[in-house]
Amino acid sequence: MYSRELLKGILKPIILKLLNDHGKMYGYEIVQHVKASSQGKVLIKEGSLYPSLHALTKEGYLETEAVMVGNRTRKYYRLTGKGKDAVAPAVNEVIEFQATLSTLFGKPKTALS
């Protein structure tokens, strides 16, 4: 599992990319999808996820839809037009940053002990 500090800067691009790929998703679904896709290496906590979802909504990148599931309301998030426009730049920035980190740290075959 990666540290909270490392995940903090990458969470918004992860959310934008996931919603671009999957349409609408609810919070727990996002957490589980990231966990499964990363083979348990990226664990998003509710305390990080929901503030990011709320910030992206407030900034106009996401919209919400409340759906009754059984006897409870589930809040789904989906990209707005502005959110869709932000996906490619966000993903490209992460890819460029990853390349810069590879330059700085090299590409070790195993983690340092």
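Let me start with the contacts of I30, where, once its neighbours within four places in sequence are set aside, we find L18, M25, L49 and L53 touching this residue. I should say at once that what we are looking at is a predicted model, and that the values I quote are computed from it. I30 sits in helix α3, and because its relative accessibility is 0%, against a cut-off of under 20%, I30 counts as buried. There is also a distance to keep in mind here, since I30 and L19 are separated by eleven residues in sequence, while their C-alpha atoms lie 8.7 Å apart in space.

Both L18 and L19 bring us to α2, whose buried residues are L11, P13, I15, L16, L18 and L19. As general background, an α-helix has 3.6 residues a turn, so residues three or four places apart point the same way. The helix α2 itself has twelve residues, and from its first C-alpha to its last it reaches 16 Å, which is close to the 16 Å expected at 1.5 Å a residue. Just after α2 comes G23, with a positive phi of about 80 degrees.

Let me now step back to the whole chain, which has five helices and three strands, arranged along the sequence in the pattern α-α-β-α-α-β-β-α. Its C-alpha atoms fill a box of roughly 50 × 30 × 20 Å along the principal axes. Of the 113 residues in the chain, 26% are buried, and if we take the contacts with a separation of 6 or more, 50% of them are between residues 24 or more positions apart.

The helix I would like to spend some time on is α5, which covers residues 81–105. Does its length fit, or not fit, what a helix of 25 residues should span? At 1.5 Å a residue the expected span is 36 Å, and the end C-alpha atoms are 37 Å apart, so the two values agree. Along the way, however, there is a kink of about 30 degrees at V87, shortly before the proline P89. V87 is also one of the buried residues of α5, which are G83, A86, V87 and A90, and what covers these buried residues includes α2 and the strand β3, residues 72–79. Just after α5, G106 takes a positive phi of about 75 degrees.

The same helix matters for the next topic, the largest pocket, whose volume is about 820 Å³. Which residues lie nearest its centre? They are L6, I10, F97, Q98 and L101, out of 15 residues that line the pocket. Two elements, α1 (4–8) and α5, give two or more residues to this lining, and the largest share, seven residues, comes from α5. Sorted by class, the lining has ten nonpolar, four polar and one charged residues.

Finally, a word on a backbone angle that you may wish to look at on the screen. Most residues other than glycine have a negative phi, whereas Q39, which is not a glycine, has a positive phi near 55 degrees. Q39 is found in the loop between α3 and α4, that is, between the helices at 27–37 and 46–58. Is Q39 buried or exposed? Its relative accessibility is 68%, and because the cut-off for exposed is over 50%, Q39 counts as exposed.

Methods
Residues numbered from 1 in each chain as written. Predicted model: local features only at pLDDT ≥ 70, side-chain atom pairs only at ≥ 80, totals over all residues. Heavy atoms only, no water. 1 Å grid on protein atoms, 1.4 Å probe; cavity = no way out; pocket = protein on both sides within 12 Å on 5 of 7 lines; lining within 4 Å. Points joined across faces, edges and corners; volume = space filled by probe spheres on them. Helix = DSSP H or I, 4+ residues; strand = E, 2+ residues; numbered from the N terminus. Nonpolar A, V, L, I, M, F, W, Y, C, P; charged D, E, K, R; others polar. Expected span 1.5 Å × (residues − 1). Bend = angle between axes of the 7 residues up to and from the residue. Buried < 20%, exposed > 50% of the residue type's maximum accessible area, 1.4 Å probe, protein only. Contact = heavy atoms within 4.5 Å.
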